[in-house]
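Biologist: Please take me through this one, bit by bit. I'll ask and you reason it out.

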There are 2 protein chains.
Amino acid sequence: MKNDETSSTLREARQDFVSQWGAIGNAWGINRTMAQIHALLITSPEPLTTDEIMAELRISRGNANTNLRDLVGWGLIRSVLRPGERKEYFVAEKDVWKMFCIIARERKRREITPAMEILQRCRDKTRGLKSREAKDFSDQIDALQEFLRLAERILETAASSEQSKIMKLAAKLFAG
Amino acid sequence: MKNDETSSTLREARQDFVSQWGAIGNAWGINRTMAQIHALLITSPEPLTTDEIMAELRISRGNANTNLRDLVGWGLIRSVLRPGERKEYFVAEKDVWKMFCIIARERKRREITPAMEILQRCRDKTRGLKSREAKDFSDQIDALQEFLRLAERILETAASSEQSKIMKLAAKLFAG
DNA sequence: TCATATTTTCAATAAATACTGAAAATACAA
DNA sequence: TTGTATTTTCAGTATTTATTGAAAATATGA
């Protein structure tokens, strides 16, 4: 296979990955464009500028800017400056385990914690009530809370350990 | 506190839970109405009919029907028939651990598996290529695949074990 | 069978979300 | 300063997703 064939095959595979990853992100509740930009950056050998991303994905400047900022907000990408150039370049964290840790922490902060707070408020309201129904209700809320608390701790622990420790744990888990 | 005060406090707490749970579901990428119906059913002492759900949430018959069917599709609720009545009643699985198992299995099937297939296809396309760039690309895809495979196995294992086993595991995890 | 209760479907509509493009704001070099 | 490169904002628009409500389909008892 010639060099240009190789690189066009690679380009195609990458484009495919980017567009498909967008579709997956969509199924996972993540904005399609954001997922595509992320896919582009984790498979890019070089940092990319906003204009390059706009061109590659055929999206507007506003759209690119918004989603790049969101990704920076998640901590999944960061901007780098090249000496002598004014443009911002973006690079993604490529280590899959680190990506997971970042996402786990953020989701915990954005999703689990608020849910726990709501449960706590419902719990407080019915704490004093003595009827059977009230008791069943607060037991159910309790159970949800306890489950979320466990999930929270597991995520927290996983996200702050070395990948190698998790792998060992997984080994144990599958051993029975 | 009088009986009617007790029950109105309970009613309020429950309404609060249902509407807040809808908002949370929304943040987690789940249809608000579906989350609300689910919240209603897991805190209901009795099975409910479509009409009761419509009235409680002030939604249309079509909307109620669609979301009830979706919940049945997930396996999170099921319909029960009362002898001598034509109406369908719905009950939710209330055990939080069982709920988790159901959701884990479904998400694996609906989200992780398709993502893995896409990665596999991208991998296949670039397998033969020898350039540095191509190698980096397929290494990255590999890493993603490996991670998803691990996630898949962990979910699978967790979802098919007893809750008590997971609790023991969690204990170990936090012990260091 | 017919009359009635109940569920399902689906075209129309509403609501939420994502995207564009150009103007405004900002940053920087001369 | 002033001019230029770059980023941000945001009103307007497009697209997607959710919801309604009524008609059609289905199920049931007499």
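**DNA, a pocket and a few odd residues**

Biologist: How far is a phosphate oxygen of DNA strand C from an N or O atom in the side chain of B:Arg69?

Modeller: Ground rules first: this is a predicted model, where local features need pLDDT of at least 70 and side-chain atom pairs count only at pLDDT 80 or more, while totals for chains, interfaces and linings use all residues, and side-chain values use heavy atoms, with hydrogens and water left out. Residues are numbered from 1 along each chain as its sequence is written, with chains lettered from A and ligands numbered from 1 in the order in which they are written. A polar contact is a pair of N or O atoms within 3.5 Å; within protein, one must be able to donate a hydrogen and the other to accept it, and residues adjacent in sequence count only if both atoms are side-chain atoms. For B:Arg69 and the phosphate oxygen of DNA strand C, the distance is 2.8 Å.

Biologist: Which chain A residue has a polar side-chain atom 3.1 Å from a phosphate oxygen of DNA strand C?

Modeller: Backbone atoms join in too: a backbone N or O atom of B:Glu88 lies 2.8 Å from a phosphate oxygen of DNA strand C. The side-chain partner at 3.1 Å is A:Asn63.

Biologist: Which element gives the most to the surface near DNA strand C?

Modeller: A residue is near a strand if one of its heavy atoms lies within 4 Å of it, and 17 residues surround DNA strand C. Of the atoms of DNA strand C that come within 4 Å of the protein, sugar and phosphate make up 73%. Helices (H or I, at least four residues) and strands (E, at least two) are DSSP runs, numbered from the N terminus; α2 and α4 of chain A and α4 of chain B each supply at least two residues here. With four residues, the top contributor is α4(B).

Biologist: How many charged residues are there in the surface near DNA strand D?

Modeller: Ala, Val, Leu, Ile, Met, Phe, Trp, Tyr, Cys and Pro count as nonpolar, Asp, Glu, Lys and Arg as charged, and the others, Gly among them, as polar. On that scheme, the surface near DNA strand D splits into one nonpolar, eight polar, and, for the charged class, eight.

Biologist: How far is the side chain of A:Arg86 from a sugar or linking oxygen of DNA strand D?

Modeller: Its sequence neighbours go for phosphate oxygens of DNA strand D: A:Lys87 has a polar side-chain atom 3.4 Å from one, and A:Glu88 has a backbone N or O atom 2.8 Å from one. For A:Arg86, an N or O atom of the side chain sits from a sugar or linking oxygen at 3.1 Å.

Biologist: How much space lies in the second largest pocket?

Modeller: The search runs on a 1 Å grid over the protein atoms alone: a cavity is a set of points where a 1.4 Å probe fits but cannot get out, a pocket is an open set with protein on both sides within 12 Å along at least five of seven lines, and lining residues have an atom within 4 Å of a point. Grid points are joined across faces, edges and corners, and a volume is the space filled by probe spheres set on the points. The second largest pocket is lined by 20 residues, and its volume is about 400 Å³.

Biologist: Which element gives the most to the lining of that pocket?

Modeller: The elements that give two or more residues are α1 (3-27), α2 (32-42) and α3 (50-57) of chain A together with α6 (132-159) of chain B. By class, the lining has eight nonpolar, five polar and seven charged residues. Supplying six residues, the leader is α1(A).

Biologist: Is A:Gln145 buried or exposed?

Modeller: A:Gln145 lies in helix α6 of chain A, and leaving aside neighbours within four places in sequence, A:Gln145 is in contact (heavy atoms within 4.5 Å) with A:Met116, A:Leu119, A:Gln120 and A:Arg123. Buried means under 20% relative accessible area, exposed over 50%, partly exposed in between, with a 1.4 Å probe and protein chains only. Because its relative accessible area is 4%, A:Gln145 counts as buried.

Biologist: What is phi of A:Arg58 near?

Modeller: A:Arg58 sits in the loop between α3 and α4 of chain A and counts as exposed, at 76% relative accessibility. Most residues other than glycine have a negative phi. Here phi is positive in a residue other than glycine, near 55°.
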